[in-house]
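Me: Could you take a close look at one part of this structure for me, the surroundings of the bound ligands, and then follow the links outward from there? I'd enjoy one connected walk-through.

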Amino acid sequence: MKVAKSISLDKYGINNVTEIIYNPSYDELFIAETDENLQGFERGQLSELGAVNVMTGDFTGRSPKDKYIVKDAVTENTIWWTSENAKNDNKPISQDTWEALKQNATSELSGKKLYVVDAFCGANEDTRLKVRFIMEVAWQAHFVKNMFIRPTDAELENFGEPDFVVINASKTSFKDYKTHNLNSEVYVAFNLTEKIQLIGGTWYGGEMKKGLFSMMNYYLPLQGIASMHCSANKGKEGDVAVFFGLSGTGKTTLSTDPKRELIGDDEHGWDKDGVFNFEGGCYAKTIDLSKEHEPEIFAAIKRDALLENVTVDADGKIDFKDGSVTQNTRVSYPIEHIENIVKPVSKAGHAKKVIFLTADAFGVMPPVSKLTPEQTKYYFLSGFTAKLAGTERGVTQPEPTFSACFGKAFLSLHPTKYGEELVKKMEEHNATAYMVNTGWNGTGKRISIKDTRAIIDRILDGSIENAETTIVPIFNLAVPTGLEGVDTNILDPRNTYSEASEWETKATDLAQLFVTNFENYTDNEEGKSLVAAGPQL
Ligand SMILES: Nc1ncnc2c1ncn2[C@@H]1O[C@H](COP(=O)(O)OP(=O)(O)O)[C@@H](O)[C@H]1O
Ligand SMILES: C=C(OP(=O)(O)O)C(=O)O
Ligand SMILES: [Mn+2]
């Protein structure tokens, strides 16, 4: 323990704590999480790459159905609440239910030896949250140390009172959920007045990371700052690119580019000075991970990285191909495990290129399209992709989905708010947008990482602007007819089918889904005017 601190957890309702391990070092965490006396999911296993692997039990992905926000004077008129006509994951709970959940979590943690980790969410001092994580499981302390911004000793000394507190009681769950009309024993609950997140019943690390993202998505747009579910990197000329996309579309894979400095792989803000990371680490998918296709991520899996739900045999040998526990196998690592990163603070200038990643399981979308400003707004609000199996509970097959702003599950405010903030920044800084399909085409196969990387290179070096384009009908998307380093046969998706009419049938079906989904946004003039930028039947 570098900083000796006397912290009382009584104010959170956690009493009689026997010991507090405060901001432990990586070495202390390693010893604690591999302790042979640990049982069950608490115990990590050392793998051949030096990283410890942990299993998270039933919950190997987020559980959006168990997410709740206390509806009170602070949130009543600000949160984008779920409604019968427009369902989302922001389900209201009463103060009474909150008290019951808090009682459940705090009584689990009372009387125990606990870990407390203080860290930052957000790279900029003026908008970051000082977050305190409280938990009884060592590897969870390791996870948040990897994922959030690690304060220096001096910053820790002056940390003061946290802006937000996360109480993780994953070992217990809420048996009395039916009385309170909740979905299950599991809870991921937020109180914006008390500024506390409670977790019970799920061990999935992603709940802590994405929970705070939802909170940044609340606070930043209200201050006129774009808050984005995207990765970001910076080229040699200082040129910044952001890559939006739902889980599994390639944010982490494609932003980790040895030619460019990584800013971050998942959550960013865009303010008057530029793009900045919320996090201090990355959370990469490891299913089918190969040294050949993703060498930087592979190399990041070493001591201090933390594997989740990866198959490791008794000798520590890893099988990244095994998805028998979940398709959503993961590794978290501090961003410094990637060699080419923006240092010392994960921030850079304004973005010039905005890329929307979609993993289209229908085989309709072109691998790359140039978007007009109107199409940019339309496709951002639509947030089309296929949900891949695993990251959310219950999703076992790729499912076509419209996830507003490419991150509906994490939006605390109405989607149009995120659209407004993004468009404002893009217009101010002359940024252009592209849609990149990292999913499937008429061949039935996923577009190769190699082709996608070459497409991204041509967007980022600007050469795509010189390419001739053709308009793909129905969607009216401009696609280049040739790009250096990219298989020409795949650029127009119609050419990947033996009969172009097969594409047309699928495209018509998908266009219908777009049109229906966009009805969520046509209750005002601005929304109505965007319909013309979408697919036309
Ligand atoms: N063409 C492609 N582009 C990007 N990723 C691809 C592609 N084909 C397959 N993949 C795989 O898809 C997954 C993308 O996941 P990831 O980059 O972690 O997504 P995200 O960060 O958006 O959740 C990785 O497992 C990657 O290996
Ligand atoms: C960690 C998650 O997302 P992503 O795949 O975008 O990193 C998640 O949705 O739980
Ligand atoms: Mn990711």
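Reply: Happy to; here is a walk from the two ligands out to the aromatic pairs and a few backbone details.

Please keep in mind that this is a predicted model.

Let's start with ligand 1. Its surroundings comprise 16 residues, and those that come nearest are Gly 248, Lys 251, Thr 253, Glu 294 and Ile 447. By class, this shell holds 3 nonpolar, 9 polar and 4 charged residues. Two helices each give at least two residues to the shell, namely α6, residues 251–255, and α10, residues 449–460. The largest share belongs to α6, with 3 residues.

The polar contacts of ligand 1 involve both backbone and side chains. On the backbone side, a polar atom of Thr 249 sits 3.4 Å from an oxygen atom of ligand 1. Among the side chains, Lys 251 places a polar atom 2.8 Å from a ligand 1 oxygen. Thr 252 likewise has a polar side-chain atom 2.8 Å from an oxygen atom of ligand 1. As for cover, ligand 1 would expose 570 Å² if taken alone, and the protein buries 91% of that area.

Lys 251 leads us straight on to ligand 2. Lys 251 is among the residues that come nearest to ligand 2, alongside Arg 62, Lys 210, Ser 247 and Arg 330, out of 12 around this ligand. An N or O atom in the Lys 251 side chain is 2.9 Å from an oxygen atom of ligand 2. So which other side chains make polar contacts with ligand 2? One is Tyr 204, with a polar side-chain atom 3.2 Å from a ligand 2 oxygen. Another is Asp 266, where a side-chain N or O atom lies 3.2 Å from an oxygen atom of ligand 2. Taken alone, ligand 2 exposes 300 Å², of which the protein buries 98%. The shell around ligand 2 divides into 3 nonpolar, 3 polar and 6 charged residues.

Arg 330 is a handy stepping stone from here. Arg 330, listed among the residues that come nearest to ligand 2, also lies over the face of Tyr 283, at 4.7 Å from the ring centre. Elsewhere, Arg 303 lies over the face of Phe 30, at 3.7 Å from the centre of that ring.

Tyr 283 in turn brings us to the aromatic pairs. The whole structure contains 26 of them. In one, Phe 143 and Tyr 283 have ring centres 5.2 Å apart and planes at 70°, so this pair is edge-to-face. Helix α3, residues 138–147, carries Phe 143, while Tyr 283 belongs to strand β17, residues 281–285; the pair links distant parts of the chain, 140 residues apart. Are these two residues buried or exposed? Both Phe 143 and Tyr 283 are buried.

A second pair brings together Phe 213 and Phe 278. Their ring centres are 6.1 Å apart and their planes are at 50°, so this one counts as tilted. Phe 213 is in helix α5, residues 206–219, and Phe 278 is in the loop between β16 (274–277) and β17, so the pair ties together parts 65 residues apart in sequence. Phe 213 and Phe 278 are buried.

There is also an aromatic cluster to look at. Its members are Tyr 378, Tyr 379, Phe 384, Phe 402, Phe 475, Phe 514, Phe 518 and Tyr 521.

Finally, a few backbone details. The peptide bond from Lys 343 to Pro 344 is cis, with omega near -10°. Pro 344 is located in the loop between β21 (330–334) and β22 (351–358).

Two asparagines have positive phi values. For Asn 16, which is not a glycine, phi is about 55°. Asn 16 belongs to the segment before β1, residues 19–22, and is exposed, with a relative accessible area of 66%. For Asn 476, phi is near 50°. Asn 476 is found in the loop between β27 (469–472) and β28 (477–480). Its relative accessible area is 36%, so Asn 476 is partly exposed.

To retrace the route on screen, begin at Lys 251, whose side chain makes polar contacts with an oxygen atom of ligand 1 and with one of ligand 2. From ligand 2, step to Arg 330, then to the ring of Tyr 283 beneath its charge, and on to the edge-to-face partner, Phe 143.

Notes:
Residues are numbered from 1 along each chain as its sequence is written. Chains are lettered from A and ligands numbered from 1 in the order in which they are written. This is a predicted model: local features need pLDDT of at least 70, side-chain atom pairs count only at pLDDT 80 or more; totals for chains, interfaces and linings use all residues. Side-chain values use heavy atoms; hydrogens and water are left out. A residue is near a molecule or strand if one of its heavy atoms lies within 4 Å of it. A polar contact is a pair of N or O atoms within 3.5 Å; within protein, one must be able to donate a hydrogen and the other to accept it, and residues adjacent in sequence count only if both atoms are side-chain atoms. Accessible areas come from the Shrake-Rupley method with a 1.4 Å probe; for residues, only the protein chains shown count as cover. Helices (H or I, at least four residues) and strands (E, at least two) are DSSP runs, numbered from the N terminus. Ala, Val, Leu, Ile, Met, Phe, Trp, Tyr, Cys and Pro count as nonpolar, Asp, Glu, Lys and Arg as charged, and the others, Gly among them, as polar. Rings of Phe, Tyr and Trp (its six-membered ring) pair if their centres lie within 6.5 Å; planes under 30 degrees apart count as stacked, over 60 as edge-to-face and the rest as tilted. Buried means under 20% relative accessible area, exposed over 50%, partly exposed in between (1.4 Å probe, protein chains only). A charge sits over a ring if NZ of Lys or CZ of Arg is within 6 Å of the ring centre and within 35 degrees of the ring normal.
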